[in-house]
Number of protein chains: 4
Amino acid sequence: MNFNTEKPIYLQIVDVISDRILSGELKGGDRIPSVREYGADIGVNPNTMMRSYEKLTADGIIYNKRGIGYFVADDARETVLRDQRKDFIEKEVPAIRQRMQLLGLDSSIFNA
Amino acid sequence: MNFNTEKPIYLQIVDVISDRILSGELKGGDRIPSVREYGADIGVNPNTMMRSYEKLTADGIIYNKRGIGYFVADDARETVLRDQRKDFIEKEVPAIRQRMQLLGLDSSIFNA
Amino acid sequence: MNFNTEKPIYLQIVDVISDRILSGELKGGDRIPSVREYGADIGVNPNTMMRSYEKLTADGIIYNKRGIGYFVADDARETVLRDQRKDFIEKEVPAIRQRMQLLGLDSSIFNA
Amino acid sequence: MNFNTEKPIYLQIVDVISDRILSGELKGGDRIPSVREYGADIGVNPNTMMRSYEKLTADGIIYNKRGIGYFVADDARETVLRDQRKDFIEKEVPAIRQRMQLLGLDSSIFNA
DNA sequence: GTGGTCTAGACCACC
DNA sequence: GTGGTCTAGACCACA
């Protein structure tokens, strides 16, 4: 996988997994690979992988069954959708609007 | 000044100065304060200030006159505007559009 | 290491590393020592080392893997060669030719 | 005048005056403008101008008549020619040859 | 372990 | 006075 240098890798992985849930590729109850397996798969240190899983767990997106593995929460898609929408609308939209104004751009650039 | 912890201080200073140029508060040819002066002003170490000036110089926004100080480039506003627009349109817009689609939102949220 | 006082140390280090790449001693993909290690090695502060690495990164000669270290870019040798040739031919050659003419010398002094 | 940022202004002025002597534009016995006059002319601080004259005086290229002004030395052209040739042949030529070898260039670039 | 940022303080050349 | 470089030492996030 190609990671961008500006953002921590573990957060980029969180984004990828969240997107897979949003798109329906991963569903509630699905097991996700172990940190070792997934880490080896995408060429990342298991510690880093672990941090991603911890973050997803803290956010209620996945949960752990001890000795078995990590699973997608039943309401994962709803949670991701709700959290991201809230974040997007409350934080990003105002920043984007301000920036567009400063740069003399208007929202039509999103329609093209 | 209040700095945000997510982004390096020296880059936040770059943003502030860029915005002052965009808004017309700083114009081509204007001298900007010395690293010591500006640093004392906003409670930042002169070395940190220097990093901001180095970045702005590398971007062609300001230039140095030896032993005298830093000055706003004649075409600074155009440069800032062009660079930021390019960055916004090429990098942010596609990411935003993709995210909106995934979240089931449309561009009308930017019109309200 | 012996540094010359006329040129900043961090740029002299950039030159040394560039030359090691040009000569083939360092190849694409090779890891270069950490700022602490290399710094201790040549008796220079890690911050100074960092400046050298920043410059090399900005020039596309090396790149960083987060938390791991710096690596020589795959096309580093080509980049160094191209950049230095360009600089030499466009900037130095005209200056040298002018100076030789003024001093009444000709290019045979380079053949001896 | 346009000064380059890499080299001290006072040395760039020394170069200009040396070149004017080499080219025959300034001859032995000619008076050169006062530091104030010359400085105003090229937009430079008189202190800076003074440093140039001091350097040229130390090198035996010009001399001062107290209360009258600075004059080009009778043997100025010979001195400049000798000093610059020595410097060029002993210091620059070896460096240039080494660099050309590293870059895979040959002296024909000076003939074109 | 790695880099990245920041502070404090110093020294220097230059204008 | 100005910037520019360098050191020392600290703290932090990330892998």
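Trainee: Which elements each supply at least two residues of the surface near DNA strand E?

Mentor: In this predicted model, chain B brings α1 (9-22) and α3 (46-58). Chain C adds α2 (35-42), α3 (46-58) and β3 (69-72), and chain D adds α1 (9-22) and α3 (46-58). The largest share comes from α3(B), with 3 residues.

Trainee: What kinds of residues make up that surface near DNA strand E?

Mentor: You get 11 nonpolar, 10 polar and 5 charged ones. Among the closest are B:Asn47, B:Thr48 and C:Tyr70. As for the strand, 70% of its atoms that come within 4 Å of the protein belong to sugar and phosphate.

Trainee: Why does B:Thr48 count as making a polar contact with a phosphate oxygen of DNA strand E?

Mentor: A polar side-chain atom of B:Thr48 lies 2.5 Å from that oxygen. The cut-off for a pair of N or O atoms is 3.5 Å, so the pair qualifies. B:Asn45 uses a polar backbone atom instead, 3.2 Å from a phosphate oxygen of the strand.

Trainee: Over to chains A and B. Why is the pairing of A:Arg99 with B:Glu92 called a salt bridge?

Mentor: Their closest N and O atoms are 2.4 Å apart. The limit is 4 Å between a side-chain nitrogen of Lys or Arg and a carboxyl oxygen of Asp or Glu, so the name fits. The count between these two chains is 3 salt bridges.

Trainee: Which element gives the most to the side of chain A that touches chain B?

Mentor: That's α4(A), with 14 residues. The residues on that side split into 13 nonpolar, 4 polar and 6 charged.

Definitions and conventions. Residues are numbered from 1 along each chain as its sequence is written. Chains are lettered from A and ligands numbered from 1 in the order in which they are written. This is a predicted model: local features need pLDDT of at least 70, side-chain atom pairs count only at pLDDT 80 or more; totals for chains, interfaces and linings use all residues. Side-chain values use heavy atoms; hydrogens and water are left out. Helices (H or I, at least four residues) and strands (E, at least two) are DSSP runs, numbered from the N terminus. Ala, Val, Leu, Ile, Met, Phe, Trp, Tyr, Cys and Pro count as nonpolar, Asp, Glu, Lys and Arg as charged, and the others, Gly among them, as polar. A residue is near a molecule or strand if one of its heavy atoms lies within 4 Å of it. A polar contact is a pair of N or O atoms within 3.5 Å; within protein, one must be able to donate a hydrogen and the other to accept it, and residues adjacent in sequence count only if both atoms are side-chain atoms.
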